[in-house]
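Here are some worked exercises to try with the model open in your viewer. Have a go at each task before you read its solution.

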Amino acid sequence: MATRLELGADVGLITTDGTSYVAKLPDGPLLVLNDAAARVLAGCLNGSLESLVERLGAEVDVSPAELKTQVQPIVDTLITHGILCLT
């Protein structure tokens, strides 16, 4: 079964000049996402973690299992900060 993710409650997300900023509102902390984290966040919001791994796997030469081990820590951090939540 696919794990669906969505933005957590009271989360602000903005991308400007190619940099993504995200925070639990109103008190933060403000996180500046690197390119990989921004792609993971956007990908999770457009589907499940599993579908994100499949889509990214089609773009890069990395096995799905290895790619998931690289993506999972980013997702876990975003969940810990309340930026993403499991649905």
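**Exercise 1. Place histidine 81 and find what it touches.**

Step 1: histidine 81 sits in the loop between α3 and β5; helices (H or I, at least four residues) and strands (E, at least two) are DSSP runs, numbered from the N terminus.

Step 2: this is a predicted model, where local features need pLDDT of at least 70, side-chain atom pairs count only at pLDDT 80 or more, and totals for chains, interfaces and linings use all residues. Residues are numbered from 1 along each chain as its sequence is written, and side-chain values use heavy atoms, with hydrogens and water left out.

Step 3: histidine 81 counts as partly exposed because its relative accessibility is 33%; buried means under 20% relative accessible area, exposed over 50%, and partly exposed in between (1.4 Å probe, protein chains only).

Step 4: skipping residues up to four places away in sequence, histidine 81 touches Lys24, Pro29 and Leu31, where contact means heavy atoms within 4.5 Å. Its C-alpha atom and that of lysine 24 are separated by 7.7 Å, although the two are 57 residues apart along the chain.

**Exercise 2. Find the cis peptide bonds in the loop between β3 and β4.**

Step 1: take proline 26, which is in that loop. A cis bond joins leucine 25 to proline 26, with omega about 10°.

Step 2: go on to proline 29, also found in the loop between β3 and β4. Here the cis bond links glycine 28 and proline 29, and omega is again about 10°.

**Exercise 3. Check the backbone of α3 and what follows α3.**

Step 1: compare lengths. The 17 residues of α3 should span 24 Å at 1.5 Å a residue, and the end C-alpha atoms are 24 Å apart, so the two agree; the expected span is 1.5 Å times one less than the number of residues.

Step 2: look for a bend. α3 has a kink of about 30° at valine 71, shortly before proline 73 (the bend is the angle between axes fitted to the seven residues ending there and the seven starting there).

Step 3: move past the helix. Glycine 82 follows α3 and has a positive phi, near 80°.

**Exercise 4. Which residues of α3 are buried, and what do they pack against?**

Step 1: Leu67, Val71, Val75 and Leu78 are the ones buried in α3.

Step 2: their packing partners are β1 (5-7), β4, α1, α2 and β5 (84-86).

Step 3: bring in the largest nonpolar core, which has 20 residues, with Leu33, Val71 and Val75 making the most contacts inside it. Such a core is a set of buried Ala, Val, Leu, Ile, Met, Phe, Trp, Tyr and Cys residues joined through side-chain atoms within 4.5 Å.

Step 4: leaving aside neighbours within four places in sequence, leucine 33 contacts Ser20, Val22, Ala38, Leu41 and Leu78.

**Exercise 5. Explain the exposure of two aspartates with positive phi.**

Step 1: aspartate 10, in the loop between β1 and β2, has a phi of about 60° despite not being a glycine. Aspartate 10 counts as exposed because its relative accessibility is 55%.

Step 2: aspartate 17, in the loop between β2 and β3, has a positive phi near 50°. With a relative accessible area of 79%, aspartate 17 is exposed too.
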